[in-house]
Amino acid sequence: KVAIVGCGASGMATAFELSKLGFDVQVFEKENHIGGRMATAMLNDRSVCMGGKNIGKTYREFRSFCSELGINDFEDFGLNTSSGQGNMARTFDREKLFKSAIAYASGLSFKDIRRILPLILAVKRNRRNAYFSGKYFKKFTKEKYEHETLSSYFSPILQRRLLRPLAVRNNGAEPDEIPIANFGTNIAMVLDSYEQLRHGPNELFKRFSQRVQVHTGKCVNDLWVENGSMRGIIIGDDRHAFDTVVLATPANVSSRIVA
């Protein structure tokens with residue numbers, strides 16, 4: 001009997017896989033809806049999707065999860081951005097990738113091209129190279145650039161034209177906030193596709209809730225521990241017995257529960 005605390009992407013994935021293996025799974029979510037950062041919110045009478053818009057074709061686990069719940073309707077979300085260059089607006093259009101790349105590259109220094117091209121080729125060659133923990137960036141940053149950010153490695157013109165639109169779009173961060181070692185994930189997303197569920201994630205959440213028992217509006221505030229052994233979870237003043245508890249919550253929330 002397993003309690004999953006948190007019903008964002010991690011909680012749903014964990015609960016779904018354990019339930020397929022035959023475990024008795026219950027999920028507890030403090031909000032009145034599930035989905036975490038992929039949830040929807042209401043803007044007047046319109047439903048607005050808050051996340052889950054960059055679902056690439058390499059996101060095989062997520063797509064498999066959707067497929068098993070009968071959801072296969074994806075649509076392109078695009079990686080389209082424009083920036084002002086003098087009195088012109090240059091547009092980066094994913095459907096015209098080569099043409100856009102040439103337009104953005106014109107006027108860049110040889111030094112910038114020499115620096116960014118090997119990073120792109122390394123990620124294209126092996127997607128594992130995109131990650132901070134991958135061999136490529138681990139070696140690359142260890143040699144010289146362990147504490148360097150994009151703003152200290154690339155010129156202002158490249159940052160303004162390409163890096164800032166890309167970083168803000170993907171991370172909500174400026175180039176001077178992103179370590180070079182994290183840049184590979186941005187490159188990987190550009191080389192992949194940008195897609196989203198055509199009708200939003202609510203139908204996916206609904207079908208998940210039909211397969212796994214979900215309790216919304218239930219805030220787990222403590223673990224039930226007796227004689228050094230974990231017995232379950234505590235919600236308010238109520239104790240609920242479980243053999244195993246999985247915290248699928250952000251690190252700061254998990255640390256408060258464990259403390």
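These legends walk through several views of a predicted model.

**View 1. The whole chain, with its helices and strands.**
Welcome to the predicted model. Its chain contains 10 helices and 13 strands. Of the 259 residues in the chain, 40% are buried. The surface that the chain exposes comes to about 15,400 Å², and 51% of that area is supplied by carbon and sulfur atoms. Sequence separation is worth a look here too: among the contacts in the chain with a separation of 6 or more, 60% are between residues 24 or more positions apart.

**View 2. An open sheet of 4 strands.**
Reading across this sheet, the strands come in the order E9-E2-E1-E13, and their pairing is parallel. Which strands form the edges? They are E9, covering residues 213–216, and E13, covering residues 244–247. Each of these two pairs on one side only. From one strand to the next, the twist averages 20 degrees.

**View 3. Strand E1 beside strand E13.**
Here we move in on one pair from the sheet. Strand E1 spans residues 2–5 and runs parallel to E13. How many bridges join E1 to E13? There are 4. To find your place in this pair, look for Ala-3, which stands opposite Val-245 in E13.

**View 4. Helix H1 across the strands.**
Helix H1 is made up of residues 9–20. It lies across three strands: E1, E13 and E2, the last of these spanning residues 25–29. Relative to E1, helix H1 runs at about 165 degrees.

**View 5. A nonpolar patch on the surface.**
Three residues make up this patch: Leu-43, Val-48 and Met-50. Together they have about 280 Å² of accessible area. Val-48 belongs to strand E4, which covers residues 46–49. Why is Val-48 described as partly exposed? Its relative accessibility is 31%, and partly exposed residues are those between the 20% limit for buried and the 50% limit for exposed.

**View 6. Arg-128 in a loop between two helices.**
Where does Arg-128 lie? Look in the loop between helix H4, residues 110–125, and helix H5, residues 135–145. Arg-128 counts as exposed because its relative accessibility is 64%, and exposed means over 50%. Follow the chain and you will find Ala-188, which is 60 residues apart from Arg-128 along the sequence. In space, the C-alpha atoms of Arg-128 and Ala-188 are separated by 9.4 Å.

Terms used. Residues are numbered from 1 along each chain as its sequence is written. This is a predicted model: local features need pLDDT of at least 70, side-chain atom pairs count only at pLDDT 80 or more; totals for chains, interfaces and linings use all residues. Side-chain values use heavy atoms; hydrogens and water are left out. Buried means under 20% relative accessible area, exposed over 50%, partly exposed in between (1.4 Å probe, protein chains only). Contact means heavy atoms within 4.5 Å. Accessible areas come from the Shrake-Rupley method with a 1.4 Å probe; for residues, only the protein chains shown count as cover. Patches are made of residues with over 30% relative accessible area and no salt bridge: like charges are joined within 9 Å, nonpolar side chains (Val, Leu, Ile, Met, Phe, Trp, Tyr) within 5 Å. A salt bridge is a side-chain nitrogen of Lys or Arg within 4 Å of a carboxyl oxygen of Asp or Glu. Two strands pair if DSSP finds at least two bridges between them. Axes are lines fitted to C-alpha atoms, for helices over the stretch in contact, and angles run from 0 to 180 degrees between N-to-C directions.
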